[in-house]
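Welcome! Take a moment to turn the structure around on your screen, and then let us walk through some of its features together.

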Amino acid sequence: MKNENCDSFASFSVFDCLRWRREWYLGDCNRKCGCTRGVSRYRRLAWRLLCAIVSLLIVPACALAQTSNPCPRPVAGSVAVPPPNLYSRDGVLSVEFNYYTTVDADGRTLFCFVTPDGAQAPTLHIKPGDRLDVLVHNDVPAPPAGAPIEVMSSPSDQCGSAMMTITSLNVHFHGTNTSPACHSDNVIRTLINSNESFNYSIQFPIDEPPGLYWYHPHVHGLAEAALQGGASGAIIVEGMEQLQPAVAGLPERVLVIRDQTVAGNLTPGGAVPSWDLSVNYVPVPYPALTPAVIEMKQDQQEFWRVVNASADSILDLQLAYDDVAQPLHIVALDGVPTGSQDGTRRGHMLTSEHILLPAAGRAEFIVDGPSALVKQAVLKTLKVDTGPLGDSDPQRPLALVRTVGRTSLAQIPASTFAPAGPQRFERLDKVVPSATRKLYFSEVVSDPNNPASPTNFYITVDGATPRLFDPNEPPAVTTHQGSVEEWTIENRTGENHVFHIHQIHFLLEAVNGEPVSGDQEQLFDTYQIPYWSGSGPYPSIKVRMDFRGADVGDFVYHCHILGHEDNGMMAIVRVLPRS
């Protein structure tokens with residue numbers, strides 16, 4: 001939730017935000033730069049510099065440093081065209097990205113990854129055991145001379161630049177069980193500044209579960225800005241048909257749902273969302289809520305792969321034909337085929353009429369196309385109650401399904417069943433945990449007597465002192481490769497939080513102290529914990545953490561509502577080599 005009572009900008013007077021349009025980037029500049037809740041020292045730097053860079057971008061001469069329209073976006077009501085596809089060959093996928101920014105007609109700052117041939121946010125297809133090589137060029141204009149900088153690394157742990165500015169970039173390969181070393185999936189130290197380039201080489205393990213993953217920037221203090229600007233894309237690890245034969249031969253549809261600020265000076269609440277949504281960049285703007293269009297063949301089954309690439313919005317997806325909810329046949333959640341880790345090496349489908357997708361969550365499911373009798377087919381998100389301090393996530397349409405004679409979707413390979421190999425999280429439920437821990441989300445207003453005072457956001461190991469994230473602090477958790485731990489994570493606040501851990505997945509065991517049913521005992525890397533009502537037990541989840549993989553080093557866990565993560569709600573776990 002964002003404070004709405006800010007009417008001064010004293011701490012950032014060097015950049016007079018109020019002279020710019022109130023709609024730019026994440027809404028009111030006064031609110032975001034001066035008074036956003038949870039202003040850590042990194043956050044203060046981030047938004048001070050964001051004000052500066054926006055001042056550059058709204059000057060036409062400065063925009064000439066980039067291509068004329070670096071981040072093109074469709075208009076409301078357009079067809080949600082699937083992202084372009086890039087495929088690995090001979091065990092390698094090599095990709096080159098230019099990272100651009102611009103300002104749209106409503107004054108919002110956009111960010112995007114674009115290939116040299118103009119493909120924006122392509123879907124990256126790799127196979128288990130493949131290597132993903134990504135060369136990233138940061139083409140965002142440099143901040144003005146004299147703009148503040150922050151030293152983030154010492155020479156001994158530097159990865160890329162040691163200095164953070166508003167232009168800083170890195171890339172997180174979300175959900176992948178890959179190394180946190182430099183030049184791999186390292187978000188703690190990696191910084192790529194303006195006019196700098198950086199090489200990533202991501203080695204996927206041979207037992208990487210087939211499914212949907214994604215990529216996005218993850219510089220602490222800037223992550224929310226980058227995602228709401230649209231810098232994200234899907235990653236698909238191939239081979240789903242081996243574990244879930246029902247998808248074999250089906251057309252494959254990738255849907256990337258993002259959020260962005262609502263144009264105009266509106267107060268969220270009721271029907272007014274905190275953030276607008278888009279489907280494959282097609283905006284669904286408030287108040288018109290004109291949905292995107294999905295073109296399907298009549299009566300045809302399709303395999304939908306949906307990533308909630310929102311920075312802050314929680315979704316509850318439902319597909320309704322003439323107001324009747326349709327069955328969604330779930331084959332994977334967060335990149336792991338459902339029911340596939342029990343040792344049989346075959347998945348089991350789940351069926352539901354709606355799917356809750358927290359920010360960063362993914363779901364893959366089979367849908368049946370509408371028949372000739374259906375008059376209206378709508379993909380929507382249902383209302384999500386995020387608590388008295390939470391954002392407004394009302395019910396609204398996302399896309400209308402329109403039948404056409406043919407589509408040009410890629411297809412899952414036809415079923416040529418072969419026994420699947422060992423699975424990354426196989427028989428995790430049978431392992432006796434080597435340690436148990438309790439962690440909790442909390443929020444503290446800096447000055448309870450000042451309604452405009454910022455709120456600090458924390459995730460803390462029970463018994464430790466709450467601290468805002470600082471990459472130079474010791475790790476909050478230390479464990480060893482090969483261990484399995486049981487964590488209980490509580491929400492002690494009046495708004496929802498979304499727990500996410502990098503490099504590994506966890507097995508959901510219990511919610512609010514109650515064991516989950518067998519079909520809900522699935523592997524996730526992201527899971528929502530609802531808000532506390534103010535009395536009674538704290539809402540919680542109990543999860544089994546799997547550190548048995550090859551990943552050794554420092555990585556992070558945090559709330560994936562990125563306004564919370566940017567404001568301090570993140571910590572480091574250190575995995576030492578096998579003892």
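A residue counts as buried when its relative accessible area is under 20%, as exposed when that area is over 50%, and as partly exposed in between. Keep in mind that you are looking at a predicted model.

**Two phenylalanines and their surroundings**

Let us use those words right away. Is Phe499 buried or exposed? Its relative accessibility is 0%, which is under 20%, so Phe499 counts as buried. Phe506 is buried too, again with a relative accessible area of 0%.

A search of the whole structure turns up 15 aromatic pairs. One of them is formed by Phe499 and Phe506: the ring centres are 5.7 Å apart, the planes make an angle of 50°, and the pair is described as tilted. Elsewhere, Phe97, Tyr99, Phe111, Phe113 and Tyr215 come together as one aromatic cluster.

**The sheet around strand 32**

Strand 32 covers residues 497-501. This strand belongs to an open sheet of 5 strands, in the order 30-39-38-32-36, with mixed pairing. Which strands stand at the edges? They are strand 30 (477-480) and strand 36 (526-529); each has a single partner strand, so one side of each is left without a neighbour in the sheet. On average, neighbouring strands here are turned by 25° against each other, direction ignored.

Inside the sheet, strand 32 pairs with strand 38 (residues 553-559) in the antiparallel sense, over 3 bridges. If you would like to find a bridge yourself, start at Ile501: its bridge partner in strand 38 is Tyr557.

Follow the chain onward from strand 32 and you enter the loop that leads to strand 33 (506-511), where Gln503 is placed. Gln503 has a phi near 70°, a positive value in a residue other than glycine. With a relative accessibility of 2%, Gln503 counts as buried.

**Other loops worth a look**

Asp299 also has a positive phi, near 65°, and is likewise a residue other than glycine. You will find Asp299 in the loop between strand 17 and strand 18 (301-308).

The loop between strand 16 (282-284) and strand 17 (292-297) holds Pro287. The peptide bond that runs from Tyr286 to Pro287 is cis, with omega near 5°.

Another proline, Pro245, lies in the loop between helix 5 (240-243) and strand 14 (252-261). Pro245 is partly exposed, because its relative accessible area of 28% falls between the 20% and 50% limits. How far apart are the C-alpha atoms of Pro245 and Ser415? They are separated by 6.4 Å, although the two residues are 170 residues apart along the chain.

**Charges over rings**

In each row below, the charged end of an arginine sits over the ring of a tyrosine.

| Arginine | Tyrosine ring | Distance from ring centre |
|---|---|---|
| Arg258 | Tyr281 | 3.7 Å |
| Arg492 | Tyr440 | 3.9 Å |

**The largest pocket**

Finally, look for the largest pocket, which has about 470 Å³ of space. It is lined by 21 residues, and the closest of these to its centre are Leu333, Ile355, Leu356, Gln520 and Tyr527. Which strands each supply at least two residues of this lining? They are strand 21 (328-333), strand 23 (350-352), strand 24 (355-357) and strand 36. You have met strand 36 before, at an edge of the sheet.

Key
Residues are numbered from 1 along each chain as its sequence is written. This is a predicted model: local features need pLDDT of at least 70, side-chain atom pairs count only at pLDDT 80 or more; totals for chains, interfaces and linings use all residues. Side-chain values use heavy atoms; hydrogens and water are left out. Two strands pair if DSSP finds at least two bridges between them. Helices (H or I, at least four residues) and strands (E, at least two) are DSSP runs, numbered from the N terminus. Axes are lines fitted to C-alpha atoms, for helices over the stretch in contact, and angles run from 0 to 180 degrees between N-to-C directions. Rings of Phe, Tyr and Trp (its six-membered ring) pair if their centres lie within 6.5 Å; planes under 30 degrees apart count as stacked, over 60 as edge-to-face and the rest as tilted. Buried means under 20% relative accessible area, exposed over 50%, partly exposed in between (1.4 Å probe, protein chains only). A charge sits over a ring if NZ of Lys or CZ of Arg is within 6 Å of the ring centre and within 35 degrees of the ring normal. On a 1 Å grid over the protein atoms alone, a cavity is a set of points where a 1.4 Å probe fits but cannot get out, and a pocket is an open set with protein on both sides within 12 Å along at least five of seven lines; lining residues have an atom within 4 Å of a point. Grid points are joined across faces, edges and corners, and a volume is the space filled by probe spheres set on the points.
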